Amino acid sequence: MKINYKRLISFILIPVLLGALVGLITSVNSDIDSIIPKWIFPVVWTILYILMGISSYIVYEKIDKIPDIYVIQLIFNLLWSFVFFKFRWFTIAFIWIIVLFILVLRMIKEFKIIDKRAGNLQIPYALWLVVAAVLNLMKII
């Protein structure tokens with residue numbers, strides 16, 4: 001597969017920039033205690049958004065479109081920060097992240113059908129959502 005670097009960069013930049021924008025908007029209210037150091041979150045999310053971009057690029061190159069499941073999970077992902085940090089609706093955020101996790105598992109499955117590498121690149125994202133869900137749950141109990 002010949003790599004279209006301009007397209008690849010744009011596919012990476014979309015989730016990275018959207019995630020950064022949401023992070024900037026919601027960071028004002030992100031003073032929530034966590035057992036994980038605060039600096040880890042932007043690092044991990046940047047890596048996950050890069051993997052998301054690469055994965056979506058691979059799929060796009062194979063089927064010449066962006067699957068709906070990718071767009072839906074990305075919107076769910078970005079909105080979770082508002083539910084959790086901005087509104088502090090921790091119970092709703094927990095339910096939200098469970099739905100997001102299910103969407104990501106479905107995306108992994110669909111991506112693997114198209115290209116195994118694309119699906120596998122999303123596994124760290126699913127694992128991080130488990131960590132995030134546990135941290136979210138700790139705000140409820």
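How far apart are the end C-alpha atoms of helix 6, and what span should its 18 residues have at 1.5 Å a residue? In this predicted model, helix 6 covers residues 123–140 and should span 26 Å, and its end C-alpha atoms are indeed 26 Å apart, which agrees. The corresponding check on helix 2, which comprises the 24 residues 40–63, gives an expected span of 34 Å, and the end C-alpha atoms of this helix are 35 Å apart, which again agrees.

The buried residues of helix 6 are Tyr-125, Ala-126, Trp-128, Leu-129, Ala-132, Ala-133, Leu-135 and Asn-136. The cover over these buried residues includes helix 2, helix 3 (68–86) and helix 4 (90–114).

Aromatic rings were examined next. A pair of aromatic rings is described by the distance of the centres and the angle of the planes. A search of the whole structure finds 12 aromatic pairs, and one of them is formed by Phe-11 and Tyr-60, whose ring centres lie 5.2 Å apart with 45 degrees between the planes, so that the pair is classed as tilted, the planes being neither under 30 degrees apart nor over 60. Because Phe-11 lies in helix 1 (residues 5–26) and Tyr-60 in helix 2, this pair ties together parts that are 49 residues apart in sequence. Both Phe-11 and Tyr-60 are buried.

The rings of Trp-80 and Phe-85, by comparison, have their centres 5.9 Å apart and their planes at 80 degrees, so this pair is edge-to-face. Both Trp-80 and Phe-85 are buried, and ring pairs link these two residues with Phe-84 and Phe-90 into a cluster. Ser-81, which is found in helix 3, is likewise buried, with a relative accessible area of 14%. When its neighbours within four places in sequence are left aside, Ser-81 is in contact with Val-22, Thr-26 and Lys-86.

On the surface, Ile-3, Tyr-5, Ile-9, Leu-13 and Leu-17 form a nonpolar patch, and together these residues have about 490 Å² of accessible area. One of them, Ile-9, is found in helix 1 and counts as partly exposed because its relative accessibility is 47%, a value that falls between the limits of 20% for buried and 50% for exposed residues.

The loops were considered last. Val-28 lies in the loop between helix 1 and helix 2 and is exposed, with a relative accessible area of 63%. Val-28 and Ile-123 are 95 residues apart in sequence, and their C-alpha atoms are 30 Å apart in space.

Two loop residues deserve a note on their backbone angles. Most residues other than glycine have a negative phi. Asp-64, however, has a positive phi of about 60 degrees although it is not a glycine. This residue follows helix 2 and is found in the loop between helix 2 and helix 3, where Asp-64 is exposed, with a relative accessible area of 57%. Arg-88 is also a residue other than glycine with a positive phi, here near 60 degrees, and lies in the loop between helix 3 and helix 4. With a relative accessibility of 36%, Arg-88 counts as partly exposed.

Terms used
Residues are numbered from 1 along each chain as its sequence is written. This is a predicted model: local features need pLDDT of at least 70, side-chain atom pairs count only at pLDDT 80 or more; totals for chains, interfaces and linings use all residues. Side-chain values use heavy atoms; hydrogens and water are left out. Helices (H or I, at least four residues) and strands (E, at least two) are DSSP runs, numbered from the N terminus. The expected span of a helix is 1.5 Å times one less than its number of residues. Rings of Phe, Tyr and Trp (its six-membered ring) pair if their centres lie within 6.5 Å; planes under 30 degrees apart count as stacked, over 60 as edge-to-face and the rest as tilted. Buried means under 20% relative accessible area, exposed over 50%, partly exposed in between (1.4 Å probe, protein chains only). Patches are made of residues with over 30% relative accessible area and no salt bridge: like charges are joined within 9 Å, nonpolar side chains (Val, Leu, Ile, Met, Phe, Trp, Tyr) within 5 Å. Accessible areas come from the Shrake-Rupley method with a 1.4 Å probe; for residues, only the protein chains shown count as cover. A salt bridge is a side-chain nitrogen of Lys or Arg within 4 Å of a carboxyl oxygen of Asp or Glu. Contact means heavy atoms within 4.5 Å.
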